[in-house]
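Student: I should like to learn how to read a pocket and the ligand within a structure. May we work through an example together?

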Amino acid sequence: MALQRTLCIIKPDAMEAGKSGAIVARLQEEGFSVKGMRQLHLSRAQAEGFYDVHRERPFFGELVEFMSRGPIVVVALEAENAIEKYREVIGATNPADAAEGTIRKLYGTDVGENAVHGSDAPETAAKEIGYFFAGCDVRPSA
Ligand code: CMP
């Protein structure tokens, strides 16, 4: 399996709870290397743009409201098999269904406020990383 990248977003709920440091430390302990990291506060338009694929879903308005509520941290991560590995570490979308010890189980509240975002495929990850980072911020690995 080749090196892959994935995008982690530490969402406003986890930021408000002061868990960004714990989450980044956990991801590094799990073997991910941090290729880029920034803190920002999304406008509604930026949150809508990021989650455009969910525009027709009934929870879209709630999702945009939440994601623009306060600061977030976006982290471009790299590891072998990063997409699947990261999804295992964060757990199911709904923290109630997430396995014990996963990041969403530890820090998430409900399906809307679930502490972190994860990319679902390498193509999505590349698009999502490009949404937040310029190419020169996240140089290709040698
Ligand atoms: P995320 O990994 O950021 O990708 C899309 C997000 O939509 C997801 O995590 C959830 O936070 C949110 N989401 C998915 N289903 C629901 C739902 N039924 N109600 C509210 N938010 C949802």
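Student: Which helices and strands each supply at least two residues of the lining of the largest pocket?

Tutor: Please keep in mind that this model is predicted. The elements that each give at least two lining residues are α3 (44-50), α4 (60-67), β4 (116-118) and α7 (122-132). Of these, α7 contributes the largest share, four residues.

Student: How many residues line the largest pocket, and which lie nearest its centre?

Tutor: The lining consists of 26 residues, and Y51, V53, H54, L63 and H117 are nearest the centre. The volume of this pocket is about 800 Å³. Sorted by class, its lining comprises eight nonpolar, eight polar and 10 charged residues.

Student: Where is the ligand?

Tutor: The ligand takes up the space of the largest pocket. Around the ligand are 13 residues, with K11, Y51, R104, V111 and H117 coming nearest. This shell has four nonpolar, six polar and three charged residues, and both α4 and β4 supply at least two of its members.

Student: Which atoms of K11, R104 and V111 should I examine beside the ligand?

Tutor: One should ask whether each atom belongs to a side chain or to the backbone. In K11, a side-chain N or O atom is 2.7 Å from an oxygen atom of the ligand. In R104, a polar side-chain atom lies 3.1 Å from a ligand oxygen. In V111, by contrast, a backbone N or O atom lies 3.0 Å from an oxygen atom of the ligand. As for cover, the ligand on its own has 460 Å² of accessible area, and the protein covers 80% of that area.

Key: Residues are numbered from 1 along each chain as its sequence is written. This is a predicted model: local features need pLDDT of at least 70, side-chain atom pairs count only at pLDDT 80 or more; totals for chains, interfaces and linings use all residues. Side-chain values use heavy atoms; hydrogens and water are left out. On a 1 Å grid over the protein atoms alone, a cavity is a set of points where a 1.4 Å probe fits but cannot get out, and a pocket is an open set with protein on both sides within 12 Å along at least five of seven lines; lining residues have an atom within 4 Å of a point. Grid points are joined across faces, edges and corners, and a volume is the space filled by probe spheres set on the points. Ala, Val, Leu, Ile, Met, Phe, Trp, Tyr, Cys and Pro count as nonpolar, Asp, Glu, Lys and Arg as charged, and the others, Gly among them, as polar. A residue is near a molecule or strand if one of its heavy atoms lies within 4 Å of it. A polar contact is a pair of N or O atoms within 3.5 Å; within protein, one must be able to donate a hydrogen and the other to accept it, and residues adjacent in sequence count only if both atoms are side-chain atoms. Accessible areas come from the Shrake-Rupley method with a 1.4 Å probe; for residues, only the protein chains shown count as cover. A molecule sits in a cavity or pocket if more than half of its atoms lie within 2 Å of its grid points.
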